[in-house]
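Me: Please take a close look at a single part of this protein and set it in its surroundings. Keep it plain.

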Amino acid sequence: MADDARPGSSQPADSQPADGQPADGQPAEEPFQELLGYEWTEKAYHMLMRGELNGEVISREKIIRSRVWGPCPRCGHDLDDRQTHTAVIGIMGAETRGGTTRGGVDDEEAPFEVDVSCGCDGPHSGAPEGKTGCGVSFRVALPLHPADG
Ligand SMILES: [Zn+2]
Ligand SMILES: [Zn+2]
């Protein structure tokens with residue numbers, strides 16, 4: 001009687017954990033990160049064009065006030081950015097100092113560029129103390145409206 005116990009088909013049992021599945025359907029929170037890139041400026045521009053983001057610039061007696069409101073291009077939280085710009089060169093006086101000539105500027109409504117930083121009230125982990133928003137900065141060019149009368 002030959003009783004040869006030969007190793008048959010012993011398959012290695014390496015159980016692979018199935019990762020990559022979020023347990024709950026929680027929305028991914030954007031961690032705070034200081035971002036200043038053209039992509040956000042571009043995204044903000046398209047959001048302005050679509051009317052998702054709003055902006056206005058009003059000039060009155062050499063004081064220019066800008067307001068940008070709507071969802072942040074990055075985190076999507078509501079932001080409301082108000083800034084006051086004083087004594088802006090190149091809008092009231094047409095003093096051309098030799099050097100920078102930006103081509104013929106005949107338009108009355110020259111776009112006014114505003115730098116906006118996200119100041120939403122949404123939660124962003126890792127934000128420095130006293131800082132609000134997700135950290136993104138972008139630039140929008142808005143038509144300047146004189147507010148007289
Ligand atoms: Zn946010
Ligand atoms: Zn944001």
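In what order do the elements of the protein chain run from the N terminus on? Then go to strand E5 and describe its faces, its partner and the core.

Reply: This is a predicted model, in which local features need pLDDT of at least 70, side-chain atom pairs count only at pLDDT 80 or more, and totals for chains, interfaces and linings use all residues. Residues are numbered from 1 along each chain as its sequence is written, with chains lettered from A and ligands numbered from 1 in the order in which they are written.

From the N terminus on, the order is β-α-β-β-β-β-β, that is, one helix and six strands. Helices (H or I, at least four residues) and strands (E, at least two) are DSSP runs, numbered from the N terminus.

Strand E5 covers residues 111-117. Its covered face holds Phe112, Val114 and Val116, while Pro111, Glu113, Asp115 and Ser117 make up the uncovered one. In a regular strand the side chains alternate between the two faces of the sheet.

E5 runs antiparallel to strand E6 (residues 136-146), joined by seven bridges; strands pair if DSSP finds at least two bridges between them. Serine 117 of E5 stands opposite serine 137 in E6.

The largest nonpolar core (buried Ala, Val, Leu, Ile, Met, Phe, Trp, Tyr and Cys residues joined through C-beta atoms within 7 Å) has 19 residues. Buried means 20 or more other C-beta atoms within 10 Å of the residue's own, with C-beta atoms placed from the backbone. Cys72, Val114, Cys118, Cys120, Cys134 and Val140 touch the most other members. Strand E3 (63-71), E5 and E6 each give two or more residues to this core, and E6 supplies the largest share, four residues.

Terms used: Buried ≥ 20, exposed ≤ 12 C-beta atoms within 10 Å, placed from the backbone.
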